[in-house]
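Q: Please take a close look at one part of this protein, its strand pairing, and describe what is found there. Then set that part in the context of the rest of the chain.

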Amino acid sequence: LDDALNTLTHMPSMNSRTVLALLALYREVTMRQAHADCTRHVTGKMQGLLEEYVHSTSVFPGWAREIGSRLLNNSLTRKPNLPIVVTPRQSLQTRAAAGVALHILLVIESAADDPLMKPFVYMLKQPAELARSFIPTMAEDNFAAVRGAARGDVGTKWHTCPKGHPYFIDDCGGAVNYGKCFCGAQIGGVDYVLTNENAEGAREHDATETGHILGPAAMRSNSVAPERNLPSACCALIRLIVHAAFMWASSGKDQVQANAVAKIVKPAVSVDQLPQFFWDHFEKDVRGFAKAIGLTPDDASVVLHSFLDRLVSCEQRRGAGVGDGTLTSKQERQAWEDNFFQQRINPVLQEMRRSARMWLGLVLTDERVGNN
């Protein structure tokens, strides 16, 4: 093991070596639990030797030793039914997604000194600090901008549908026919009279909500829409890191931390259901990312691993964060999204996309026992 780890001396930082060593442990030891034949699993004696090594080698700092022990015991979470626990019944796509989720955990754990990664660190380790935060990639209320753009149209009047959604009628502003709001409610009217339960006028306040506001993953589209200045692929990429961080935070042994995550989610989700709630979102994000960049989920997983590897490298750790990283205003959120896009995503995404096929080929031709 020492000889193998010494071959990683070309890595740009100790964090890079630590993350790769833990991923290798997952691939060669934890993934053996995918075999139904128990003789393919690591023996108790070997597991004990590996445990001793994990706690003695200088490659693993304190946080890595704890995770290394959990990897050896296939106990990354207190939720045994969560797909990140390796079992023989899992699909290959689920295992690939679980590997990406683990990589995200390791990257965030190693990123405590990176100001631009601070929001992710809070999500994973201090979610209580995000009680009033505007979570990256969540939608916001753009009504003020729309209303301002329509203000110059003479005769335009604003109205509100029965469910509180604003709409406007141009020309003279009077209702002369019926329509349908995006929520399905009837809007408009005839003879300049609004239909029942519609009201004249519209709200003036900004209705943007803090916290996680996407609802259940099943209610989301299979495609990821752009948000603010983030293209679809970048939005999906950031969002899957968000969901993985919250999944890890809510699936650990710290009940206080899980309760803090629950306070961020709107509409409310029970604490026991949070890990699966975020896993479902994470899986949808991986598929949405693949669709956005025109790759298969397998190719996309390889691209994600390469991107995460770059987040750990010293060369990528430049530039300042935004405030203290808690993103307590819409402006701070957008500034952070713009910085993360420009400093972390944009410089590497195109290069990684071109290289994805080569990397996947290397994985598929790896004939070691851990490649199943």
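A: Two strands are taken to pair if DSSP finds at least two bridges between them. The model discussed here is predicted.

The pairing of strand E1 with strand E2 is a convenient place to begin. E1 covers residues 157-160 and E2 covers residues 166-169. The two run antiparallel and are joined by 4 bridges. One of the residues involved is Trp158, whose bridge partner in E2 is Phe168. Together E1 and E2 make a hairpin, with 5 residues lying between the strands. The turn contains Gly164, which has a positive phi of about 90°.

E1 also pairs with strand E6, residues 199-200. This pairing is antiparallel as well, and it rests on 2 bridges. Within it, Thr160 is placed opposite Ala199 of E6, and His159 has Glu200 of E6 as its bridge partner. The result is an open sheet of 3 strands in the order E2-E1-E6, with antiparallel pairing. E2 and E6 are the edge strands, since each pairs on one side only. As a general point, side chains in a regular strand alternate between the two faces of the sheet.

Phe168 deserves a closer look. This residue belongs to strand E2. With a relative accessibility of 36%, Phe168 counts as partly exposed, because that value falls between the 20% limit for buried and the 50% limit for exposed. Once neighbours within four places in sequence are set aside, Phe168 is in contact with Thr156, Lys157 and Trp158. Trp158 is thus both a contact and the bridge partner of Phe168. Further along the chain, the C-alpha atom of Phe168 is 8.9 Å from that of Ala202, although 34 residues separate them in sequence.

There is another open sheet of 3 strands, in the order E3-E4-E5, and its pairing is antiparallel. Its edge strands are E3 (178-180) and E5 (193-194), each pairing on one side only. E4 takes in residues 186-190 and is joined to E3 by 3 bridges in the antiparallel sense. Here Gly179 stands opposite Ile187 of E4.

The loops that follow these strands hold two backbone features. Tyr192 lies in the loop between E4 and E5. Its phi is positive, about 65°, although Tyr192 is not a glycine. At 59% relative accessibility, Tyr192 counts as exposed, since the limit is 50%. Glu197 is placed in the loop between E5 and E6. Glu197 likewise is not a glycine and has a positive phi, of about 70°. Its relative accessibility is 67%, so Glu197 too is classed as exposed. For background, most residues other than glycine have a negative phi, and most peptide bonds are trans.

An exception of the peptide-bond kind is found elsewhere in the chain. The bond from Lys266 to Pro267 is cis, with omega near -10°. Pro267 sits in the loop between helix H9 (255-262) and helix H10 (274-293).

As for the wider setting, the secondary structure of the protein amounts to 12 helices and 6 strands. The chain has 372 residues, and 51% of them count as buried. Of the contacts between residues at least 6 apart in sequence, 68% join residues at least 24 apart.

The largest nonpolar core contains 91 residues, and Phe120, Phe282, Phe289 and Phe340 have the most contacts inside it. Helix H8, residues 232-251, contributes the most to this core, with 15 residues. Apart from it lies another core of 8 residues, which include Tyr167, Ala175, Cys181 and Leu194. Two of its members bring the account back to the strands: Tyr167 falls within the residue range of E2, and Leu194 within that of E5.

One helix pair completes the picture. Helix H2 (residues 14-28) packs against helix H4 (residues 62-72) at an angle of about 10°, with 9 Å between their axes. Because that angle is under 35 degrees, H2 counts as roughly parallel to H4. On the H2 side the residues that meet H4 are Thr18, Leu22, Leu25 and Tyr26. They meet Trp63, Ala64, Gly68, Leu71 and Leu72 in H4. By class, this contact has 7 nonpolar, 2 polar and no charged residues.

Notes
Residues are numbered from 1 along each chain as its sequence is written. This is a predicted model: local features need pLDDT of at least 70, side-chain atom pairs count only at pLDDT 80 or more; totals for chains, interfaces and linings use all residues. Side-chain values use heavy atoms; hydrogens and water are left out. A nonpolar core is a set of buried Ala, Val, Leu, Ile, Met, Phe, Trp, Tyr and Cys residues joined through side-chain atoms within 4.5 Å. Buried means under 20% relative accessible area, exposed over 50%, partly exposed in between (1.4 Å probe, protein chains only). Axes are lines fitted to C-alpha atoms, for helices over the stretch in contact, and angles run from 0 to 180 degrees between N-to-C directions. Angles under 35 degrees count as roughly parallel, over 145 as roughly antiparallel, 65 to 115 as roughly perpendicular and the rest as oblique. Contact means heavy atoms within 4.5 Å. Ala, Val, Leu, Ile, Met, Phe, Trp, Tyr, Cys and Pro count as nonpolar, Asp, Glu, Lys and Arg as charged, and the others, Gly among them, as polar.
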